[in-house]
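I wanted to look up how a small sheet and the nonpolar cores are put together in this model. My entries follow the order in which I checked them.

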Amino acid sequence: MKVLIVDDDDGIIDFVRPELKHEGFETDVAKTGREALEKIESEKPDIVLLDVMLPEINGLEVLRRIRQIGDLPVILVTARGETLDKINGLNSGADDYISKPFDIEELLARINAVLRRVSRPAQSNRLSTRDVSLDVNGMTVTVKGNVLSLSKTEFQMLRFFMENAGKVLSRDMIIDSVWGKDHFIDVNTVDVYVGYLRGKIDQPCGEEYIKTVRGAGYVWK
């Protein structure tokens, strides 16, 4: 797997590049935004480590142009405390971010996590369990053939349950999937939304789809 390191700081490059090579990655370097776009087109990296502060074209604009042409995985590198850059980067399509200064172990973990996510086989656009059917693309849910009215949060939670049917999901896992890792959601909020779903699915069907696993979380059966 090839990592394109986009940074104009030689110290960062000299720190990161040998560590990536040691872990078995092929590496390439670009020191300006313009050079990064050229190398993305010519070298076809598998993932980009993209600094925000770059000469010629800044990292957020590079990210925007990457997203215009495809889904190349991008981890944004921001200065510590630059919350706006993180928010803008995630909203622009970054797969993850890391703040300087960072530990190489954290960087490697984030790279591997992003690569695992993008290498997963595409999931079916339609999920079904007995009388419940969910259309991912259409964002519709039917129960016994009747279209169900769900909020966006309820839909995302139900989708997460159905995609992981049979697995015990902790409240923290549900929060990370539905609201995102950067949101501080009280775990009791999960219980509230589970109650909403049970009222709209379990009760009409006359059976229990979302089961409570005491001390662990919930499981979709």
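These entries cover the sheet first and the cores afterwards.

I note that this is a predicted model, in which local features need pLDDT of at least 70 and side-chain atom pairs count only at pLDDT 80 or more, while totals for chains, interfaces and linings use all residues. Residues are numbered from 1 along each chain as its sequence is written, and side-chain values use heavy atoms, with hydrogens and water left out.

I looked up the sheet and found 3 strands (DSSP E runs of at least two residues, numbered from the N terminus) forming an open, antiparallel sheet in the order 10-12-11, where pairing requires at least two DSSP bridges. Strand 10 (168-169) and strand 11 (210-213) are the edges, each pairing on one side only. Strand 11 is joined to strand 12 (residues 217-220) by 4 bridges, and lysine 211 stands opposite valine 219 of strand 12.

I then turned to the largest nonpolar core (buried Ala, Val, Leu, Ile, Met, Phe, Trp, Tyr and Cys residues joined through side-chain atoms within 4.5 Å, buried being under 20% relative accessible area with a 1.4 Å probe, protein chains only). Of its 27 residues, Val132, Met157, Phe161, Ile174, Ile201 and Trp220 touch the most other members. Helix 6 (helices being DSSP H or I runs of at least four residues) gives the most to this core, with 6 residues.

I checked valine 132 and, leaving aside neighbours within four places in sequence, listed its contacts (heavy atoms within 4.5 Å), among them Val141, Met162, Ile201 and Trp220. A second, separate core of 20 residues includes Leu20, Ile104, Leu107 and Leu115.

Key:
Buried means under 20% relative accessible area, exposed over 50%, partly exposed in between (1.4 Å probe, protein chains only).
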